[in-house]
Each structure stands twice: as structure tokens, then as C-alpha cells.
Amino acid sequence: MPLLIGSPTAFTASKGAITYGSVELLLNATDNSGAVTFEISYDGKTETTSSASAVSKSYIVSGLNGSTDYSFSVVAKDPTGNIAANSPIVIAATTTVAPPAAPIPNEPASDVISIFSD
């Protein structure tokens, strides 16, 4: 009897940790083929990652701008291209504010002792 391959089921996608330059996406889906591919679209870009069936996948989208609203559209597919019925899942996330720059030292050079030189 041939293996019947259907669309992925139990597809979930949510946001995890968020920084000023990245958003973590938590992905999961089940497929009888044993593998699932996730297509993540945002700002005219598409990134792809995969996972074994029913295994949670943490995927970090990096290179983002701080203090910016993003909308990630995630689709789950099996190896033959069948798409999960609840695809796409849209995840809204706002990156955090960039940390402040280090302060400029204001001690006179004559008061600074270097442990790395004479």
C-alpha cells in the first residue's frame, strides 16, 4: 500500500524572544512524511527553514531594524508542496529600542592608569 501524503496538520507559529535586531519565531507542524518546511515572508523577503515532523523549531530572523513593526507570514509545507490548512499564520512583532551607546569618558588622560602598557 503506498504512503499517502497529506497536508501538514497541527501547525502553530508564535513569537519568542525579541531584541532590537531580531525576532525569534517558534514553529511546529506535524506531517506523515516526517518533515515540514516553513516559509517566512516579511518586508518583501522570504526565508525558509525546515524541521522534523512534530518537532518544535526556533528560528531567528536577524538583521532587523530597532523600534520597528514587522509582520511575519508563515506557511507550513510538506516535501511535496502540500500546504497546511491554517496557513499562513501572521505574527506581528515590534523590535525593541537599541541599547544606548557607551558614554564618552570624561576623565583626564593623566588620571587614567593602563594595565596594558607602561
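Read from the N terminus onward, the protein follows the pattern β-β-β-β-β-β-β. The radius of gyration is 22 Å, well over the 13 Å that the globule rule gives for 118 residues, so the protein is more spread out than a compact globule. This is a predicted model.

**Stop 1: the whole chain**

Begin with the entire protein in cartoon view. Seven strands should appear, and zero helices. Aligned along the principal axes, the box filled by the C-alpha atoms is roughly 85 × 30 × 20 Å. Switching to a surface display shows about 7,400 Å² of exposed area, of which carbon and sulfur atoms supply 58%. Of the 118 residues, 30% count as buried. Among contacts with a separation of 6 or more, 59% are accounted for by residues 24 or more positions apart.

**Stop 2: the segment after the last-numbered strand**

Select Asn106, which lies in the segment after strand E7 (89–94). Is Asn106 buried or exposed? Asn106 is exposed, its relative accessible area being 69%. Next, add Gly34 to the selection and draw a C-alpha to C-alpha distance. Asn106 and Gly34 stand 60 Å apart in space, with their positions 72 residues apart in sequence.

**Stop 3: the salt bridge**

How many salt bridges does a search of the whole structure find? The search finds one. Select Lys77 and Glu39 to display the pair; their closest N and O atoms are 3.1 Å apart. The pair links distant parts of the chain, with Lys77 in strand E6 (residues 69–77) and Glu39 in strand E3 (residues 35–42), 38 residues apart. Colour Glu39 by accessibility, and Glu39 will show as partly exposed, with a relative accessible area of 25%.

**Stop 4: a buried glutamate**

Move now to Glu47, whose place is in strand E4 (residues 45–52). Glu47 is buried and yet has no salt bridge. Which side chain of opposite charge is nearest to Glu47? That side chain is Lys45, 6.5 Å away. A salt bridge requires a side-chain nitrogen of Lys or Arg within 4 Å of a carboxyl oxygen, so a separation of 6.5 Å does not qualify.

Add Tyr42 to the view. The side chains of Glu47 and Tyr42 are joined by a polar contact of 2.6 Å. To display the wider surroundings, select the residues in contact with Glu47, leaving aside neighbours within four places in sequence: Phe38, Glu39, Ile40, Tyr42, Tyr59 and Val61. One of these, Glu39, is also the partner of Lys77 in the salt bridge of the previous stop.

**Stop 5: two residues with positive phi**

From Glu47, step back to Asp43 in the loop between E3 and E4. Although Asp43 is not a glycine, its phi is positive, at about 45°. Asp43 is exposed, with a relative accessible area of 56%.

Then select Ala10, placed in strand E1 (residues 9–18). The phi of Ala10 is near 50°, a positive value in a residue other than glycine. Ala10 is likewise exposed, with a relative accessible area of 56%.

**Stop 6: the loop between E6 and E7**

The tour ends with three residues in succession. Select Asn86, found in the loop between E6 and E7. At 37% relative accessibility, Asn86 counts as partly exposed. What lies 3.0 Å from a polar atom of the Asn86 side chain? The backbone oxygen of Phe11 is found there. For a view of the extent beyond this loop, draw the C-alpha to C-alpha distance from Asn86 to Pro100: the two are 14 residues apart in sequence and 41 Å apart in space.

Ser87 is also in the loop between E6 and E7. Is Ser87 buried or exposed? Ser87 is buried, with a relative accessible area of 18%. Display its side chain together with Ala76, where a polar atom of the Ser87 side chain lies 3.2 Å from the backbone nitrogen of Ala76. Not counting residues up to four places away in sequence, Ser87 touches Phe11, Val74, Val75 and Ala76. Phe11 therefore appears in the surroundings of both Asn86 and Ser87.

Finally, select Pro88, whose place is in the loop between E6 and E7. Inspect the peptide bond from Ser87 to Pro88, which is cis, with omega near -10°.

Terms used
Residues are numbered from 1 along each chain as its sequence is written. This is a predicted model: local features need pLDDT of at least 70, side-chain atom pairs count only at pLDDT 80 or more; totals for chains, interfaces and linings use all residues. Side-chain values use heavy atoms; hydrogens and water are left out. Helices (H or I, at least four residues) and strands (E, at least two) are DSSP runs, numbered from the N terminus. Buried means under 20% relative accessible area, exposed over 50%, partly exposed in between (1.4 Å probe, protein chains only). Lys and Arg count as positive and Asp and Glu as negative; His and the chain ends are not counted. A polar contact is a pair of N or O atoms within 3.5 Å; within protein, one must be able to donate a hydrogen and the other to accept it, and residues adjacent in sequence count only if both atoms are side-chain atoms. Contact means heavy atoms within 4.5 Å. The radius of gyration is taken over C-alpha atoms; the globule rule is 2.2 Å times the number of residues to the power 0.38. Accessible areas come from the Shrake-Rupley method with a 1.4 Å probe; for residues, only the protein chains shown count as cover.
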